[in-house]
Amino acid sequence: MPNITEQDKTFMREAIRLADESVKNGGGPFGAVIVKDGEIVAGCANSVTIDNDPTAHAEVNTIRQACRKLGTFDLSDCVIYTSCEPCPMCLGAIYWARIKRVYYGNTKKDAADIDFADDFIYRELELHKENRSVPLISLLRDEAIKTFKAWKQKEDRVEY
């Protein structure tokens with residue numbers, strides 16, 4: 001476990017400030033910042049209701065902003081500070097962005113206590129596809145696979 005520094009606390013306080021500001025402005029109670037080399041490169045709040053975008057969680061918004069600013073999809077040299085333990089979607093985005101460390105304030109139980117329950121999604125992911133509340137139905141795989149084969153053969157593809 002890394003040693004928590006005063007700088008870590010400063011970055012977390014900025015994530016919390018963004019969450020507080022979001023609540024005042026009609027957004028969700030979540031904020032996040034991404035830090036590289038001791039400097040904040042991006043910071044956003046949740047804007048799901050403001051943008052009518054269910055993916056506009058603070059972590060996802062911040063990852064998008066950091067990637068645009070840094071000109072890369074690989075944030076492996078970055079750390080994220082988020083006002084709440086990431087939901088499954090945000091955690092997936094954090095892994096895809098290769099962020100090396102996550103600091104969070106509130107826990108997922110704290111979020112559930114104010115009616116932001118991620119447990120349903122975690123339980124759904126453990127179920128076999130056929131038993132989930134949203135059906136996952138394979139369709140035209142024999143046609144879709146051609147695109148994957150073309151990408152695999154592409155010599156100048158950018159791996160991610």
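## Exercises on a predicted fold

Strands β1 and β3 run antiparallel and are joined by five bridges. The model is predicted: local features need pLDDT of at least 70, side-chain atom pairs count only at pLDDT 80 or more, and totals for chains, interfaces and linings use all residues. Residues are numbered from 1 along each chain as its sequence is written, and side-chain values use heavy atoms, with hydrogens and water left out.

### Exercise 1: the elements

Task: State how many helices and strands the protein has, and in which order they run.

Solution.
- Set the rule. Helices (H or I, at least four residues) and strands (E, at least two) are DSSP runs, numbered from the N terminus.
- Count. The protein has seven helices and four strands.
- Read from the N terminus on: α-β-β-α-α-β-α-β-α-α-α.
- Add the extent. Along the principal axes, the C-alpha atoms fill a box of roughly 55 × 40 × 35 Å.

### Exercise 2: the sheet

Task: Give the strand order of the sheet and name the strands at its edges.

Solution.
- Set the rule. Two strands pair if DSSP finds at least two bridges between them.
- Order the strands. The sheet is open, has four strands with mixed pairing, and reads β2-β1-β3-β4.
- Find the edges. β2 (39-45) and β4 (101-106) each have a single partner strand, so one side of each lacks a neighbour in the sheet.
- Check the twist. It averages 15 degrees from one strand to the next.

### Exercise 3: strand β1

Task: Describe how β1 pairs with β2, and find bridge partners of β1 residues.

Solution.
- Start with β2. Strand β1 (residues 31-36) pairs with it in the antiparallel sense over six bridges.
- Locate partners in β2. Glycine 31 bridges to alanine 45, and isoleucine 34 stands opposite alanine 42.
- Inspect the turn. β1 and β2 form a hairpin with two residues between them. Aspartate 37 in this turn has a positive phi of about 50 degrees.
- Move to β3. There, cysteine 78 is the bridge partner of lysine 36.
- Assess burial (under 20% relative accessible area is buried, over 50% exposed, in between partly exposed; 1.4 Å probe, protein chains only). Five of the six residues of β1 are buried.

### Exercise 4: helix α3 and its neighbours

Task: Work out how α3 lies against α4, and which residues meet.

Solution.
- Fit the axes. They are lines through C-alpha atoms, for helices over the stretch in contact; angles run from 0 to 180 degrees between N-to-C directions.
- Take the angle. The axes of α3 (residues 58-70) and α4 (residues 88-97) come within 8 Å and cross at roughly 25 degrees.
- Classify. This makes α3 roughly parallel to α4 (under 35 degrees; over 145 is roughly antiparallel, 65 to 115 roughly perpendicular, the rest oblique).
- List contacts (heavy atoms within 4.5 Å). Glu59, Val60 and Ile63 in α3 meet Met89, Cys90, Ala93, Ile94 and Ala97 in α4.
- Turn to the sheet. α3 lies across β1, β2 and β3 (78-84), at about 140 degrees to β2.

### Exercise 5: positive phi

Task: Place arginine 98 and leucine 140, and state how exposed each one is.

Solution.
- Take arginine 98. Its phi is near 65 degrees, positive in a residue other than glycine. Arginine 98 sits in the loop between α4 and β4. Its relative accessibility is 35%, so it counts as partly exposed.
- Take leucine 140. Its phi is positive, about 60 degrees, although it is not a glycine. Leucine 140 sits in the loop between α6 (119-126) and α7 (141-153). With a relative accessible area of 47%, leucine 140 is partly exposed.
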